[in-house]
Amino acid sequence: GRINIEPVVFQAETASHFSSFFSNPFGPPPRSIVIQSDPVILNVRPVPAAFTGSQWLPAKGVELKQEWSPTSPQFKIGDPVTRTLTIKARGLMSSQLPEFPRWSTTDFKQYPDQPVLTDDKTRFGITGARVEKTALIPDHAGEYVLPAIRVPWWNTDEDKIEYAEIPQQKIIVPKSAGAAQPAAPVISPAPLARPGAG
């Protein structure tokens with residue numbers, strides 16, 4: 001609906017450029033000045049019916065990426081591997097970004113760190129980022145699938161729904177260290193302005 005933002009008012013008094021302790025006390029008195037900004041009227045649109053996500057994310061661009069430490073790790077029973085997930089959005093604060101879904105499995109111990117939220121403010125606007133790190137430690141040998149992550153968001157420049165995605169990945173934990181195989185390649189970040197459209 002309609003939102004009215006009242007003007008910002010600034011009030012001050014002028015002083016002589018040459019005023020000092022020895023100035024003439026009978027000189028002209030200071031002059032009051034009142035300055036105010038123009039009022040702002042906003043028409044806030046509702047969430048479009050075409051948006052099907054559970055959390056409303058209107059942005060100019062969304063980037064979703066995944067990184068591993070060590071890079072291209074070899075999973076071994078009992079050895080930790082750190083998975084880092086990052087989401088960035090131009091036009092949103094970090095507090096507005098969603099949490100990543102948890103990978104549900106009993107064959108890996110999982111130790112998540114506290115998420116790191118940052119906001120990069122420039123004259124072009126704000127870019128919020130959320131980073132989540134989780135240490136994964138396999139308990140058993142086998143083949144496992146990390147499910148895909150799909151985040152719907154609304155492109156405010158093109159007025160349409162889009163999706164930022166990380167494809168599902170297969171993890172192989174060998175029975176012995178000699179048979180170790182690398183995990184799937186690290187996902188490279190999509191361009192910030194144009195993640196893949198859905």
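Reader: Why is Arg150 called partly exposed?

Author: Its relative accessible area in this predicted model is 48%. Buried would need a value under 20%, and exposed one over 50%. Arg150, at 48%, falls in between, so partly exposed is the right label.

Reader: And what makes Glu165 partly exposed?

Author: Same reasoning here: Glu165 has a relative accessible area of 42%. That is again between the 20% and 50% limits, so Glu165 is partly exposed too.

Reader: How do you know that Arg150 forms a salt bridge with Glu165?

Author: Look at the closest N and O atoms of Arg150 and Glu165: they are 3.2 Å apart. The rule asks for a side-chain nitrogen of Lys or Arg within 4 Å of a carboxyl oxygen of Asp or Glu, so this pair passes. As for the chemistry, side chains of opposite charge can pair when their charged atoms come close.

Reader: What makes Arg150 and Glu165 a link between distant parts of the chain?

Author: Arg150 sits in strand β12 and Glu165 in strand β13, 15 residues apart. Those two strands also pair with each other in the antiparallel sense, over 7 bridges. One of the bridge partnerships is Ile149 with Ile166 in β13.

Reader: Why do β12 and β13 count as paired?

Author: Pairing takes at least two bridges, and β12 and β13 have 7, so they qualify. They belong to an open sheet of 3 strands, in the order β5-β12-β13, with mixed pairing.

Reader: What makes β5 and β13 the edge strands?

Author: Each of them pairs on one side only.

Reader: Why are Glu132 and Arg130 called buried?

Author: Glu132 has a relative accessible area of 6%, and Arg130 has 9%. Both values are under 20%, so both residues are buried. Their side chains meet in a salt bridge, at 2.7 Å from N to O. That is within 4 Å, so the name fits.

Reader: How do you know that Asp139 and Lys109 form a salt bridge?

Author: Their closest N and O atoms are 2.9 Å apart, and that is within the 4 Å limit, so the pair counts. Asp139 lies in the loop between β10 and β11 and Lys109 in strand β8, so the pair ties together parts that are 30 residues apart in sequence.

Reader: Are Asp139 and Lys109 buried, exposed or partly exposed, and why?

Author: Asp139 comes out at 26% and Lys109 at 38%. Neither is under 20% or over 50%, so both are partly exposed.

Reader: How many salt bridges does the rule give?

Author: The count comes to 8.

Conventions
Residues are numbered from 1 along each chain as its sequence is written. This is a predicted model: local features need pLDDT of at least 70, side-chain atom pairs count only at pLDDT 80 or more; totals for chains, interfaces and linings use all residues. Side-chain values use heavy atoms; hydrogens and water are left out. Helices (H or I, at least four residues) and strands (E, at least two) are DSSP runs, numbered from the N terminus. Buried means under 20% relative accessible area, exposed over 50%, partly exposed in between (1.4 Å probe, protein chains only).
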